[in-house]
Amino acid sequence: MLRTLLSPRLIGLHLLTIGVLVAFILLGRWQLGIFQDSGKPHAATDPAPVSVATLAKVGAGFENAAVGRKVTAEGEYAADRQLLVADRKPSVDTPGGNVARDQGYWVLTPLRLTDGTLMPVVRGWVATADAAAAAVPTGKVQVSGRLRPPQGTDSVQRRAEGLPAGQVQTVSTGELINLWKGERIRNGFVVAQPPSGALTQVKVSPPVVGGTFTWRNLAYAANWWIFAGFAVFMWFHFVRDAVRGGRERARQSPEMVLES
């Protein structure tokens, strides 16, 4: 049996089968990778800036298509209503709350637009609360940045002991309505780019869209692996037939010697 398995013909078959298996498995993994990548969020087109009033409404829902859009706004900062968003790093995508405790603050200042509404603006980031005491720009200002949806009040793990006056843990439109009483507040908030004055810029991502799985590639991956299984099946049958033939010849050889 061993002599049959190691015959030149079967050694060639073994090597061919191994090569086919490696190729088919790798091709299947390649198609599976394409399938997995198709479902990942990816960067969308980044349209030109538009007025914030066209995307952030008063008392209306926030559309997914507006997330990360470039916007512009003109108005005057309401310095007396400025707040600090506590326990934040200089990035919108980094979790806040207790996981970022004492890591810094977003400086949140409402911009009063020409129609009297307030647009919450994250002007930048500071490492300590004292550093946020820098003067707020006065007079008419032009603000550019990216629009973000309001944050849920339960989106972070809050401090058990609460926060000092003038600080919040999320940029929640519902919470701001209670803090800035008597004001018409637009939904969402703008992350200023560039930041205001000497503040550190808060990083914010451009628009992204959800991926759509290409199930066709998953089927292709399955096909390649089925072919690999079929190659093993055929190898097994060829080897089995060769071994049986070798045994048959071995049985016949003594008989042929006796007859002669």
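Phe-24, Trp-224 and Phe-227 form one aromatic cluster. The model in which this cluster appears is a predicted one.

**The aromatic cluster**

The structure holds 6 aromatic pairs in total. One of them joins Phe-24 and Trp-224, whose ring centres are 5.2 Å apart and whose planes meet at 50°, an arrangement classed as tilted. This pair connects distant parts of the chain, since 200 residues separate Phe-24 in helix α2 (residues 8-38) from Trp-224 in helix α4 (residues 215-259). How exposed is Trp-224? Its relative accessibility is 25%; because the class of buried residues ends at 20% and that of exposed residues begins over 50%, Trp-224 counts as partly exposed.

**Overall architecture**

The chain contains 4 helices and 10 strands. From the N terminus onward, these elements follow the order α-α-β-β-β-β-β-β-β-β-α-β-β-α. The chain is more spread out than a compact globule, because its radius of gyration of 34 Å is well over the 18 Å that the globule rule gives for 260 residues. Along the principal axes, the C-alpha atoms fill a box of roughly 120 × 40 × 30 Å.

Of the 260 residues, 37% count as buried. Where contacts join residues at least 6 apart in sequence, 72% of them link residues at least 24 apart.

**Surface and charge**

The chain exposes about 14,900 Å², and carbon and sulfur atoms supply 60% of this area. With regard to charge, there are 28 positive and 19 negative side chains, and the centres of these two sets lie 5 Å apart.

**The surroundings of Thr-173**

Thr-173 is located in helix α3 (residues 173-179). Is this residue buried or exposed? Thr-173 has a relative accessible area of 11%, and because buried means under 20%, Thr-173 is classed as buried. Beyond its neighbours within four places in sequence, Thr-173 is in contact with Pro-150, Ile-185, Arg-186, Asn-187 and Gly-188.

**Two residues side by side**

The table sets out the accessibility of the two residues discussed above.

| Residue | Relative accessibility | Class |
|---|---|---|
| Trp-224 | 25% | partly exposed |
| Thr-173 | 11% | buried |

Trp-224 thus appears both in the tilted pair with Phe-24 and in the cluster that also includes Phe-227, whereas Thr-173 belongs to helix α3 and has Pro-150 among its contacts.

Technical notes. Residues numbered from 1 in each chain as written. Predicted model: local features only at pLDDT ≥ 70, side-chain atom pairs only at ≥ 80, totals over all residues. Heavy atoms only, no water. Helix = DSSP H or I, 4+ residues; strand = E, 2+ residues; numbered from the N terminus. Rg over C-alpha atoms; globule rule 2.2 N^0.38 Å. Buried < 20%, exposed > 50% of the residue type's maximum accessible area, 1.4 Å probe, protein only. Contact = heavy atoms within 4.5 Å. Areas by Shrake-Rupley, 256 points an atom, 1.4 Å probe, with all protein chains shown as cover. Lys, Arg positive; Asp, Glu negative; His and termini not counted. Charge placed at Lys NZ, Arg CZ, Asp CG, Glu CD. Phe/Tyr/Trp six-rings, centres within 6.5 Å; stacked < 30°, edge-to-face > 60°.
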